[in-house]
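Reader: I'd like to walk through a few features of this one with you. Could you show me how to read them as we go?

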Amino acid sequence: MRSLHLTFCAALAAGAISLPASAALAATAGDDRTGTVSVSPSRVSPGGEVELRTDVCGKGKSARGNSEAFASEARFEPSDGKGLFAEARIRSDAAPDDYEVWVTCKDGHGKATGTVTVVHHSRPSPVAPVRAGGGGTAVLAEEAVADEGPGTRHELIGLGLGAVAAVAVAFRSARRRRSGLH
């Protein structure tokens, strides 16, 4: 019974000795925070700009971010009370690929990572004529052109006017003949 009591006391003493050391290691590990960087837009063409956000460093701090895709280092500053914000320009010669983004807090106790995807877009070309000019007048001009031209309605009006003219000429000719006979 005595040996059981002695074993129990030895285990308790060993636990008490190792507890402060493990608490100190946990406190040290807790100072090095890790997190993520949100990149918006996540897909961008060379020469484009991205917005970067992270909250790994805490409020009121600053950080620096870098990536092989960036033209220069991104400097993070406090933003709207929600972490840190930075803008970065993508190198104009960046090849299409996924690039890692690294952020390091200025105090050295935090790191964050994220990803930006560089894509090459072909330049769009118009597939139809561009409607341009005077705001909304291009649409009105198209409607006016569609309404113009001799349609059935115009043909009937023209025939009616021609018939009236033919009757007027015939009536006048008949009147001159009558006046010449009398």
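## Salt bridges, a cis bond and a buried serine

Author: Happy to. Start with a charged pair: the side chains of arginine 64 and glutamate 73 form a salt bridge, 3.5 Å from N to O. Keep in mind that this is a predicted model.

Reader: Which residue does glutamate 73 meet in the 3.8 Å salt bridge?

Author: That's arginine 75, with the 3.8 Å again taken N to O. Salt bridges with shared partners then tie Arg64, Glu73 and Arg75 into one network.

Reader: Is arginine 75 buried or exposed?

Author: Here the general idea is a cut-off: exposed means over 50% relative accessible area, and buried means under 20%. Arginine 75 comes out at 52%, so it counts as exposed. Arginine 64 has 40%, so it is partly exposed. Glutamate 73 sits at 34% and is therefore partly exposed too.

Reader: How many salt bridges does a search of the whole structure find?

Author: Five. One of them pairs aspartate 107 with lysine 61, at 3.1 Å from N to O. This pair links distant parts of the chain, 46 residues apart. Aspartate 107 lies in the loop between strand 8 (97-105) and strand 9 (110-118), while lysine 61 lies in the loop between strand 4 (49-54) and strand 5 (63-67).

Reader: Why does lysine 61 count as partly exposed?

Author: Because its relative accessibility is 36%, which falls between the 20% and 50% cut-offs. Its partner, aspartate 107, is partly exposed as well, with 35%.

Reader: Where is serine 62?

Author: In the loop between strand 4 and strand 5. At 18% relative accessibility, serine 62 counts as buried, because buried means under 20%.

Reader: Which residues is serine 62 in contact with, leaving aside neighbours within four places in sequence?

Author: Cys57, Phe76, Glu77, Leu84, Cys105 and Lys106.

Reader: Now the backbone. Which peptide bond is cis, with omega near -5°?

Author: The general idea first: most peptide bonds are trans. In this structure, the bond from serine 40 to proline 41 is cis, with omega near -5°. As for its place, proline 41 is in the loop between strand 2 (38-40) and strand 3 (43-44).

Reader: Let me try a recap. Arg64, Glu73 and Arg75 make one network through shared salt-bridge partners, and aspartate 107 and lysine 61 meet in a salt bridge.

Author: Yes, and add the other two stops: serine 62 is buried, and the serine 40 to proline 41 bond is cis.

Note on methods:
Residues numbered from 1 in each chain as written. Predicted model: local features only at pLDDT ≥ 70, side-chain atom pairs only at ≥ 80, totals over all residues. Heavy atoms only, no water. Salt bridge = Lys/Arg side-chain N within 4 Å of Asp/Glu carboxyl O. Helix = DSSP H or I, 4+ residues; strand = E, 2+ residues; numbered from the N terminus. Buried < 20%, exposed > 50% of the residue type's maximum accessible area, 1.4 Å probe, protein only. Contact = heavy atoms within 4.5 Å.
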